[in-house]
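User: I am new to this structure and would like to go through it by questions. Please keep the answers short and end each on the value or name asked for.

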Amino acid sequence: MNLKTFFGELLHKLKIVNIFKSLRARIFVLVFVTGLISCQVVHFAILETYEGRAVAVRTTEVQTQARILADHLITYGYLQDTSSEVVGAELDMLANLYDGRVMIIDDNLKIIKDTYGISEKKTIISEEVVKCLKQGDNGTTSVYDANNGYIEITTPITKSQIVEDENGKEKEVETVVGVILTSVSTDNISTTLDILNQNASSIELIIIIIIFMFSLFAANILLKPFDRITSAINDIKAGFTNEEISVPDYLETEHIVTAFNQLLSRMKTLDESRQEFVSNVSHELKTPITSMKVLADTLVAQPDAPIEMYQDFMQDISKEVDREATIIDDLLSLVKMDKTAAQLNISTVDVNEMTEIILKRLRPIARKNNIELTFDSRRPVTAEIDEVKLSLAIMNIVENAIKYNKESGWVKVILDADHQSFTITISDSGVGIPEDSTDLIFNRFYRVDKSRSREIGGTGLGLSITKSAILMHRGSIDVDSVLGEGTTFTVTIPLSYTK
């Protein structure tokens, strides 16, 4: 086999595999095979039912004729004298009528009459004959041999006798004095079966064609709603439309469409957020540059300006440069947080010690602002976390609590845990957050009080960075705030990290 032939066969096999991966093909096969099996079951059930019924009717007919013949055998004393032409004619008629053979057997198992004329005067050893002689009507048997095409029936020949019982009373007793063994042909039943089988096969072929066409039709009809979903998604992907999809044909299509519409809505929100983010970044980066440009142009326009003005303006330019650097650093931190959680540097960390180190770094800022910073550790906590990223997140919250606080206010940090996660609660006596802003504070560049944020040097990225770090740890952050009274942030992180 050359290489071209090998790849050709491989491609052909892959096409077949892809066809059967199709839901349309599977529905077609399911419906078609179900119909095909149903046809076969009905076909064989009809034939089996007819055959059983025909054999039962034939057996009953022969049994009835044989009982009439048995009465005549006793009437004419045929078991003692076989010369009766009337009985002989009946035997021949019964044998010819059913294309069979009739044998008359006495109580000594000797054949006294055989319509074939080949076994007379011989002894027959047959379980069915012996049973019939011993049990009479209760021993009547019929055996159907489908392979050889005959039914063998035994019928007792009974004679009524008057006997005396133990009390000397006379009673009539039926005594078995012989057996009629009848073998009848089932050729006509077989012929009828063949005709039925041919007719059934022809009808079955027509039904199979109808089922084949119906299977194709059903598969296409049932899959049309899914085709409409695919077409609508392709239109959205190509940019022809941005509207939500509606295909309410099936419960399953409703679930798929609902999930897709939710995804589409989220993508729209993300796109709007991205555009807003780009706009905000441009604005935030442009503002310090504009300020520096104005200051520099002022100095250039006044070549004889005093040295004090130069120093003052240069200090302002330095502050704007620091502000620009802060924004860029926060943006870089945010980009790092947006990367996959696979880049987390997970290790087992003493959370109590980590929190104490964070607060130690922030206490100088708290003292500068006359803020009381306290730490309440309810129990020792050890967890699997990225210490650097989570430290940055907690530090951002505590630093905000210090900066956006009242004169002589307080910030309280509580560490607690249960058997699944640990909780860090940061409460303050600060200015609080308006109710309509609590859901927006984690948005990038969002500021509740823009003038105060500018005054204390905020970029509006800190809480966005914080939330990203917490979500990367599969944690959660909740906010509870009352305007003018203070804010409480509750951070919950699992003790064991799971990807």
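User: Where is D439 found, and is it buried or exposed?
Analyst: This is a predicted model, in which local features need pLDDT of at least 70, side-chain atom pairs count only at pLDDT 80 or more, and totals for chains, interfaces and linings use all residues. Residues are numbered from 1 along each chain as its sequence is written, and side-chain values use heavy atoms, with hydrogens and water left out. Helices (H or I, at least four residues) and strands (E, at least two) are DSSP runs numbered from the N terminus, and D439 sits in the loop between β10 and α10 (450–456). Buried means under 20% relative accessible area, exposed over 50% and partly exposed in between, with a 1.4 Å probe and protein chains only, so D439, at 70%, is exposed.

User: How far apart in space are the C-alpha atoms of D439 and D478?
Analyst: Along the chain, D439 and D478 are 39 residues apart. The separation of their C-alpha atoms is 9.9 Å.

User: What is the C-alpha distance between V294 and F313?
Analyst: V294 belongs to helix α6 (residues 251–301) and is partly exposed, with a relative accessibility of 48%. In sequence, V294 and F313 are 19 residues apart. From C-alpha to C-alpha the distance is 10.0 Å.

User: How many helices and strands are there, and what share of the residues is buried?
Analyst: The protein has 11 helices and 12 strands. It has 499 residues, and the buried share is 36%.

User: Which helix gives the most residues to the largest nonpolar core?
Analyst: A nonpolar core is a set of buried Ala, Val, Leu, Ile, Met, Phe, Trp, Tyr and Cys residues joined through side-chain atoms within 4.5 Å. The largest has 38 residues, and V351, L373, I385, V398 and F422 have the most contacts inside it. Elements that each supply at least two of its residues include α8 (351–368), β8 (382–385), β10 (421–428) and α11 (462–472). With 8 residues, the helix that gives the most is α9.

User: Which residues does V351 contact, leaving aside its neighbours within four places in sequence?
Analyst: Contact means heavy atoms within 4.5 Å. With those neighbours left aside, the residues in contact with V351 are V381, A383, I385, L415, F422 and I424.

User: How many residues does the second core have?
Analyst: This core is separate, and V87, Y98, I104 and I153 are among its members. Its residue count is 25.

User: How many salt bridges are there, and what is the N to O distance between R101 and D114?
Analyst: A salt bridge is a side-chain nitrogen of Lys or Arg within 4 Å of a carboxyl oxygen of Asp or Glu, and the whole structure holds 8. One of them joins R101 and D114, linking strand β1 (residues 101–106) to strand β2 (residues 111–114) across 13 residues. R101 is buried at 19% relative accessible area, and D114 is buried at 1%. Their N to O distance is 2.7 Å.

User: How far apart are the closest N and O atoms of E120 and K113?
Analyst: E120 is partly exposed at 32% relative accessibility, and K113 is partly exposed at 21%. The two form a salt bridge, with the closest N and O atoms separated by 3.9 Å.

User: What arc do the buried residues of α4 cover?
Analyst: Helix α4 (residues 127–135) has V129, C132 and L133 as its buried residues. E127 and K134 are exposed on the other side of α4. The arc is that of the directions from the helix axis to the C-beta atoms. The buried residues lie on the same side of α4 because their arc is only 100°.

User: How much accessible area does the nonpolar patch with L205 have?
Analyst: A patch is made of residues with over 30% relative accessible area and no salt bridge, like charges being joined within 9 Å and nonpolar side chains (Val, Leu, Ile, Met, Phe, Trp, Tyr) within 5 Å. L205, in helix α5 (residues 187–238), is exposed at 53% relative accessibility, and I209, F212, M213 and L216 complete the patch. Accessible areas come from the Shrake-Rupley method with a 1.4 Å probe, and for residues only the protein chains shown count as cover. Together the patch residues have about 470 Å².
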